[in-house]
Amino acid sequence: MKKLLLIIAVSLTALTASAQQTRTFNERLYQAKLREMVYRLNITDEQKPKFDPVYRRYNEEMIAAWGERKKPEPPQTSQEAAALAKRKMERQQRAQAIRMKYIDEFAKVLTPHQVNRLYEVEENIQRQLKARKNGTNGQRRLPHLKRNAQK
């Protein structure tokens with residue numbers, strides 16, 4: 001019985017630590033995105049305390065709208081391909097609705113030039129994150145060139 005309780009306690013501790021690491025990673029990722037937005041949009045020290053909570057809410061809603069993205073299995077039929085395309089478009093619609101919802105809030109904090117660049121900068125950040133996740137650093141991999149260089 002003691003062993004069972006010990007195993008349960010260790011398992012719960014490990015799960016708690018794992019969840020905390022995920023939250024820590026997500027917070028670090030958010031802080032990095034916020035720093036990039038502040039830098040790219042030239043957000044002033046006066047604007048930043050107003051921008052941060054709006055951008056945090058926006059970011060959380062965008063993450064929820066996109067959901068957990070897993071690489072889908074290649075569709076085997078046209079119907080599966082259509083269903084996959086529809087799901088992607090639905091996520092895009094949800095994201096667009098969130099952008100529309102927050103643009104007025106961002107406009108209260110940012111200058112007209114910053115508002116115009118906001119989503120362009122956001123898109124670039126997402127592109128960089130995706131490239132980093134895929135290990136491409138924004139460049140297409142050309143494996144045949146790598147092989148030829150080793151010869």
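1. Helix α3 bends by about 35° at Ile103. The model is a predicted one, and the bend should be read as a feature of that model. α3 has 32 residues. From its first C-alpha to its last, α3 reaches 46 Å, close to the 46 Å expected at 1.5 Å a residue.

2. Which residues of α3 are buried? They are Ala95, Ile98, Tyr102, Phe106 and Val109. These buried residues of α3 pack against α2 and α4.

3. Two of the buried residues of α3, Tyr102 and Phe106, deserve a separate point. Both lie in α3, 4 residues apart, which is about one turn of the helix. An α-helix has 3.6 residues a turn, so residues three or four places apart point the same way. Tyr102 has a relative accessible area of 2% and is therefore buried, the cut-off being under 20%. Phe106 also counts as buried, at 1% relative accessibility.

4. The structure holds 9 aromatic pairs. One of them joins Tyr102 and Phe106, with 6.3 Å centre to centre and 40° between the planes. That pair is classed as tilted because its angle is neither under 30 degrees, as for stacked rings, nor over 60, as for edge-to-face. Tyr102 and Phe106 also belong to one aromatic cluster, together with Tyr30, Phe51, Tyr55, Tyr58 and Tyr119.

5. Helix α4 also has a bend, of about 40°, located at Leu118. α4 has 23 residues and spans 34 Å from its first C-alpha to its last, close to the 33 Å expected at 1.5 Å a residue. Its buried residues are Gln114, Val115, Leu118, Val121, Glu122, Ile125 and Ala131. Leu118, the site of the bend, is thus listed among the buried residues of α4. After α4 comes Gly135, with a positive phi near 75°.

6. On the overall fold: the chain has 5 helices and 0 strands, and from the N terminus on its elements run α-α-α-α-α. Of the contacts in the chain with a separation of 6 or more, 69% are between residues 24 or more positions apart. Of the 151 residues, 19% count as buried. The chain exposes about 12,300 Å², and carbon and sulfur atoms supply 55% of that area.

7. How many residues does the largest nonpolar core have? It has 22, and those with the most contacts inside it are Met37, Phe51, Tyr55, Tyr58, Phe106, Leu110 and Leu118. At least two residues of this core come from each of α1 (2-41), α2 (48-66), α3 (78-109) and α4 (112-134). The most is given by α2, with 6 residues. In soluble globular proteins, nonpolar side chains tend to be buried together. Phe51, Tyr55, Tyr58 and Phe106, named here among the core residues with the most contacts, are also members of the aromatic cluster.

8. Leu110 is another of the core residues with the most contacts. Setting aside neighbours within four places in sequence, Leu110 is in contact with Ile43, Gln47, Phe51, Val115 and Leu118. Phe51 and Leu118 appear with Leu110 in the list of core residues with the most contacts, and Val115 and Leu118 are among the buried residues of α4.

9. Asn59 is a polar position to check. It is placed in helix α2. Is Asn59 buried or exposed? Asn59 is buried, because its relative accessible area of 7% falls under 20%. Not counting residues up to four places away in sequence, Asn59 touches Tyr30 and Lys33. Of these two contacts, Tyr30 is a member of the aromatic cluster.

10. Two loop residues complete the list. Asn42 is found in the loop between α1 and α2. Its phi is near 55°, a positive value in a residue other than glycine. With a relative accessible area of 59%, Asn42 is exposed, since the value is over 50%. Pro74 is placed in the loop between α2 and α3 and is also exposed, with a relative accessible area of 56%. Pro74 and Leu84 are 10 residues apart along the chain, and their C-alpha atoms are separated by 9.4 Å.

How values were computed:
Residues are numbered from 1 along each chain as its sequence is written. This is a predicted model: local features need pLDDT of at least 70, side-chain atom pairs count only at pLDDT 80 or more; totals for chains, interfaces and linings use all residues. Side-chain values use heavy atoms; hydrogens and water are left out. Buried means under 20% relative accessible area, exposed over 50%, partly exposed in between (1.4 Å probe, protein chains only). Contact means heavy atoms within 4.5 Å. Accessible areas come from the Shrake-Rupley method with a 1.4 Å probe; for residues, only the protein chains shown count as cover. A nonpolar core is a set of buried Ala, Val, Leu, Ile, Met, Phe, Trp, Tyr and Cys residues joined through side-chain atoms within 4.5 Å. Rings of Phe, Tyr and Trp (its six-membered ring) pair if their centres lie within 6.5 Å; planes under 30 degrees apart count as stacked, over 60 as edge-to-face and the rest as tilted. The expected span of a helix is 1.5 Å times one less than its number of residues. The bend at a residue is the angle between axes fitted to the seven residues ending there and the seven starting there.
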